[in-house]
Amino acid sequence: MRKRALIVGLGIAGMSAAVGLREAGWDPVDVERAPRRRTGGYFVNLMPEGVNAAADLGLDDLHTRDPERGTTWVLNRRGHRRPALSWLDLPGRPTAMVRGDVEAALWHTMAGRRQGEDGVEVRMATVPLEIVRDDSAVEVMLEDVSSGTRYRETFDLVIGADGLRSTVRRLAFGPHERFMTSWNAMICAFGPPEQAPSFGAQDSIVSARPGRAVWVFGLADRAPTALLTYCTKDIDARFTGDRTERLRAVFHDMGHPAVRHVLDALPQAPDHLFDSVHQVKRDRWSTGRVMVTGDAAWCLNLFSGMGTTAALRGGAELGRVLRERPDDLGAAPAAWEAGLRPFVATHRRMARLKHQWFVPTNRVLAEVRALAMHLAVNARRADTEARLLRAALRDEVGGTCHPQSGTRRHRGTAVPGS
């Protein structure tokens, strides 16, 4: 008899876990609080570990959007622009896409697109209310929030993939305050309908001040996405009043037309993320037959740039461990966690450094960031010029001149001489 697992959450972590479980021969059931699946979304990047995990999960139709052309521009206080490094220039060769691209590929795979393969059962508008576990099974009380109907169901394994403020984590491990570490920062991510005036369709834009930053991520074959982020110690107050007006107040003195364009586009954005920034730290990600994954377990946060990669890797690793230990549910969660812990710990530490790349938290760090970016841009320009010079020299050495004809013979082709 096939084992059954309940997965709570239909985001990247939840769907990755569902695909991994099915590949291991399980029957997963995925429940989601929202009445319908989300589409679209904001900019995300996938690192090589995430690309490998996607391949392990069978996501062979993952749509990527690396800009084929375009420049990254940084705006200074006077509104002047100059070339800069983009997020995609960071080490590791990240791949650009939007969140909905990854979710669409996972959804397609969950639906059983392969011949003769059953799809994963999905229940929308459904939440867990109570979890009771013993050594042999987990009983969960579920509620259909659209009708208020409650019922109990038994599973071999329960997986919380329901985000930063996970219901499964609260029910199984305790209140959020035990595990959420605040970074005293806010983010707002969304997709403006069009690029800012006077910039190329695939250009990226960065406008950063101490404690505040506006990013526009240029993408191939779609409009860009935007990220507004700023530092604040009064997190609770950020969730009161009109969000657009609060953001206008934060960025009021950053008057470049590109920044105003982003702020003006926010009220018309059909889907946006507005939240405080946290990391989740837990000594263990499982207790008996209940476990958490993705942001519910580790939440590297948006500044890390590793959320999507870690979520995909979590699902792929879970499937691998359960295939290797099909009859040992006591050891499988611990083995899964042991394999992921070093990866998560490394990128949790790196997130602090990347935070300063996104938004420098004070004036000194802003100046250090600006200097580092200037040096990096100059180094890249010098490297490009050196490569072009080497290529020209190779062409020159490989050709022979014929003074009488005034042409240079190069690899058998006559071109005008200089």
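Two strands are taken to pair if DSSP finds at least two bridges between them. In the present predicted model, strand S8 and strand S9 (residues 138–144) satisfy this criterion in the antiparallel sense, with seven bridges between them. Within this region, Val132 stands opposite Glu139 of S9. The pair belongs to an open sheet of three strands, arranged in the order S8-S9-S10 with antiparallel pairing. Strand S8 (126–133) and strand S10 (149–155) form the edges of the sheet, each pairing on one side only. On average, neighbouring strands of this sheet are turned by 25° against each other when direction is ignored.

A helix–helix packing was also examined. Two packed helices are described by the angle between their axes and the distance between the axes. For helix H2 (residues 48–56) and helix H7 (residues 307–324), the angle is about 40° and the axes lie 8 Å apart. The crossing of H2 past H7 is left-handed. On the H2 side, the contact involves Glu49, Gly50, Ala53, Ala54 and Asp56, which meet Thr309, Leu312, Arg313 and Ala316 of H7. By residue class, the contact of H2 with H7 comprises four nonpolar, two polar and three charged residues.

With regard to model confidence, the protein chain has a mean pLDDT of 87, and 87% of its residues reach 70 or more. Residues 399–418 have pLDDT below 50; in the model, this stretch makes 19 contacts beyond near neighbours in sequence.

Methods: Residues numbered from 1 in each chain as written. Predicted model: local features only at pLDDT ≥ 70, side-chain atom pairs only at ≥ 80, totals over all residues. Heavy atoms only, no water. Axes fitted to C-alpha atoms, helices over the stretch in contact; angles between N-to-C directions. Helix = DSSP H or I, 4+ residues; strand = E, 2+ residues; numbered from the N terminus. Left-handed = near helix turned anticlockwise from the far one by under 90°. Contact = heavy atoms within 4.5 Å. Nonpolar A, V, L, I, M, F, W, Y, C, P; charged D, E, K, R; others polar. pLDDT = per-residue confidence, 0-100.
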